[in-house]
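This report looks at how strands, rings and nonpolar side chains are arranged in one protein chain. Please keep the sequence and the 3D view open while reading.

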Amino acid sequence: MLTQTLINTLKNDSTLLDLLGVAQSNKAPIRTHFLSIPKAEKFIVVSYTYGETNETGYEFGTITVEVYVKATVRNPITVLDNIVSRVLAILDLKGSQLQDEFTSKVYIVRKTDFTHLYDNKNHFNIGRIDFLFYCEQ
C-alpha cells in the first residue's frame with residue numbers, strides 16, 4: 001500500500017524528524033489518521049482516495065498529506081512552511097524512488113494542490129498537500 005511506503009519514506013528522513021522534534025523514526029508522529037497522535041504539537045497524517053480503475057494490478061488516485069502544527073508552537077506558520085517544504089522535497093516527483101516492500105513500483109507522485117487551513121476547535125495550522133499517484137499494487 002502506497003500510504004505505508006510514503007509514511008516509511010517520511011519517517012526515514014532525518015531533516016524531517018528534526019523539524020517534527022523527534023530523534024528516532026519509530027517515534028515520528030506520522031500516521032494514517034489523526035486520532036492516534038494524542039497531544040502532539042506537530043504531526044503528519046497521510047491518507048488516500050482511490051481513483052477509477054484503468055487496468056488490473058494498478059492503482060491511482062490522490063494521496064493527501066496533512067501537516068499539523070499547534071498554534072502554541074513558536075512561529076507556527078514558519079514551522080508549518082518548513083515541514084511542508086521538506087515533505088515536498090521528499091515526495092514531489094520522486095515516484096520511481098519510492099518503491100519498497102509495500103509498493104512494488106511507483107510511476108508518479110506529483111503535487112496537484114496545496115491548501116493552508118486553520119482548525120479553530122483544536123487550534124492547529126494545517127498544510128494540506130494533495131498528490132496524484134499511479135502505481136502497481
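In this predicted model, strands E4 and E5 form a hairpin in which four residues lie between the two strands, and His 123, which sits in the turn, has a positive phi of about 60°. The two strands of this hairpin, E4 (105-119) and E5 (124-136), pair in the antiparallel sense over 13 bridges. One of the positions that can be followed by eye is Tyr 118, whose bridge partner in E5 is Asn 125.

Strand E5 also pairs with E3, again in the antiparallel sense and over 13 bridges. Here Gly 61 stands opposite Phe 133 in E5. When looking along these strands, it helps to remember that in a regular strand the side chains alternate between the two faces of the sheet.

The aromatic rings come next. The structure holds seven aromatic pairs, and two of them are set out in the table.

| Pair | Centre to centre | Angle between planes | Class |
|---|---|---|---|
| Tyr 58 and Tyr 107 | 6.2 Å | 35° | tilted |
| Phe 60 and Tyr 134 | 6.5 Å | 50° | tilted |

Which parts of the chain does each pair tie together? Tyr 58 belongs to strand E3 and Tyr 107 to strand E4, so their pair ties together parts that are 49 residues apart in sequence. Phe 60 lies in strand E3 while Tyr 134 lies in strand E5, so this pair ties together parts that are 74 residues apart in sequence. Tyr 58, Phe 60, Tyr 107 and Tyr 134 form one aromatic cluster.

Are the tyrosines of this cluster buried or partly exposed? Tyr 58 has a relative accessible area of 25% and is partly exposed, Tyr 107 counts as partly exposed at 37%, and Tyr 134 counts as partly exposed at 25%. Because buried means under 20% relative accessible area, Tyr 58 at 25% is not counted as buried.

Finally, there are the nonpolar cores. The largest nonpolar core has 31 residues, and those that touch the most other members are Leu 10, Leu 16, Ile 30, Ile 44, Ile 83, Val 87 and Leu 91. At least two residues of this core come from each of several elements, including helix H1 (2-11), helix H2 (14-20) and strand E2 (42-50), as well as strands E3, E4 and E5. Helix H3 gives the most to this core, with seven residues. Apart from this core lies another one, of six residues, among them Ala 40, Phe 43, Val 45 and Tyr 68.

How values were computed:
Residues numbered from 1 in each chain as written. Predicted model: local features only at pLDDT ≥ 70, side-chain atom pairs only at ≥ 80, totals over all residues. Heavy atoms only, no water. Core = buried A, V, L, I, M, F, W, Y, C linked by side-chain atoms within 4.5 Å. Buried < 20%, exposed > 50% of the residue type's maximum accessible area, 1.4 Å probe, protein only. Pairing = 2+ DSSP bridges. Phe/Tyr/Trp six-rings, centres within 6.5 Å; stacked < 30°, edge-to-face > 60°.
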